[in-house]
Amino acid sequence: MAIMITDECINCGACEPECPNTAIYEGGAAWRWSDGTTLKEVTVDGGQTVSGVAPQTPISDEYYYIVSDKCTECVGFHEEPQCAAVCPVDCCVDDPDYRESQEKLTAKKEWLHS
C-alpha cells in the first residue's frame, strides 16, 4: 500500500527530502510525474496520455501530501518508508485506499525509474 499524510501534519517538511520517488509535496504545490523519476509521459485513467513534466493539481492545499501513484513505500531503496521514519508527529501512515503487494511496489519502482 502507499503511505498517506494525515491532517495532523505540522508542515515541518522533514518527509519531503527523504522520498526517493519525489512523491511528497508541500501543500498547494503542483506535482509532476517526472519529479524524481524517469517518466516522460504517463497514460492515466481513461487512457489519456499526459506529459511527465505537466503540472498536476495539488492533492492538498493545507499540508504536505503524498502522490499515491508515485509512492513505493521506499521498496527497492530502504527497509522502511523514510517519511514515516522521520515524521515527528507520526502522521505518515498506511493508506487503506491503496493496498499493494510487495511485487506491485517493486514493479512500480521499476516503472518510475526505468
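**Exercise 1.** Which backbone nitrogen does the side chain of serine 60 reach, and at what distance? Describe the surroundings of serine 60 as well.

*Solution.* The model is a predicted one, in which local features need pLDDT of at least 70, side-chain atom pairs count only at pLDDT 80 or more, and totals for chains, interfaces and linings use all residues. Residues are numbered from 1 along each chain as its sequence is written, and side-chain values use heavy atoms, with hydrogens and water left out.

Step 1. Locate the residue: serine 60 belongs to the loop between strand E4 (49-51) and strand E5 (65-66); strands are DSSP runs of at least two residues, numbered from the N terminus.

Step 2. Assess burial: serine 60 has a relative accessible area of 9% and is buried, a term that means under 20% relative accessible area (1.4 Å probe, protein chains only).

Step 3. Identify the partner: the serine 60 side chain reaches the backbone nitrogen of glutamate 62 at 3.1 Å.

Step 4. List the contacts (heavy atoms within 4.5 Å): with neighbours within four places in sequence left aside, serine 60 touches Gly27, Gly28 and Tyr65.

**Exercise 2.** How many disulfides does a search of the whole structure find? Examine cysteine 15 and cysteine 74.

*Solution.* Step 1. Apply the criterion, a pair of cysteine sulfur atoms within 2.5 Å: the search of the whole structure yields zero disulfides.

Step 2. For cysteine 15, the closest cysteine sulfur is in cysteine 92 at 4.9 Å, which is too far for a bond. Cysteine 74 is likewise in no disulfide, the nearest cysteine sulfur being that of cysteine 19, 6.1 Å away.

Step 3. Consider burial: cysteine 15 is buried at 8% relative accessible area, and cysteine 74 is buried at 7%.

**Exercise 3.** How many cavities of 30 Å³ or more are counted, and which residues lie nearest the centre of the largest cavity?

*Solution.* Step 1. On a 1 Å grid over the protein atoms alone, a cavity is a set of points where a 1.4 Å probe fits but cannot get out, and lining residues have an atom within 4 Å of a point. The count is two cavities of 30 Å³ or more.

Step 2. The largest cavity holds about 80 Å³ of space. Its lining comprises 15 residues, with Cys19, Ile24, Cys71, Cys74 and Cys83 nearest the centre.

Step 3. The second largest cavity has about 70 Å³. Of its 13 lining residues, Cys9, Cys12, Cys15, Cys87 and Cys91 lie nearest the centre.

Definitions and conventions
1 Å grid on protein atoms, 1.4 Å probe; cavity = no way out; pocket = protein on both sides within 12 Å on 5 of 7 lines; lining within 4 Å. Points joined across faces, edges and corners; volume = space filled by probe spheres on them. Buried < 20%, exposed > 50% of the residue type's maximum accessible area, 1.4 Å probe, protein only. Helix = DSSP H or I, 4+ residues; strand = E, 2+ residues; numbered from the N terminus.
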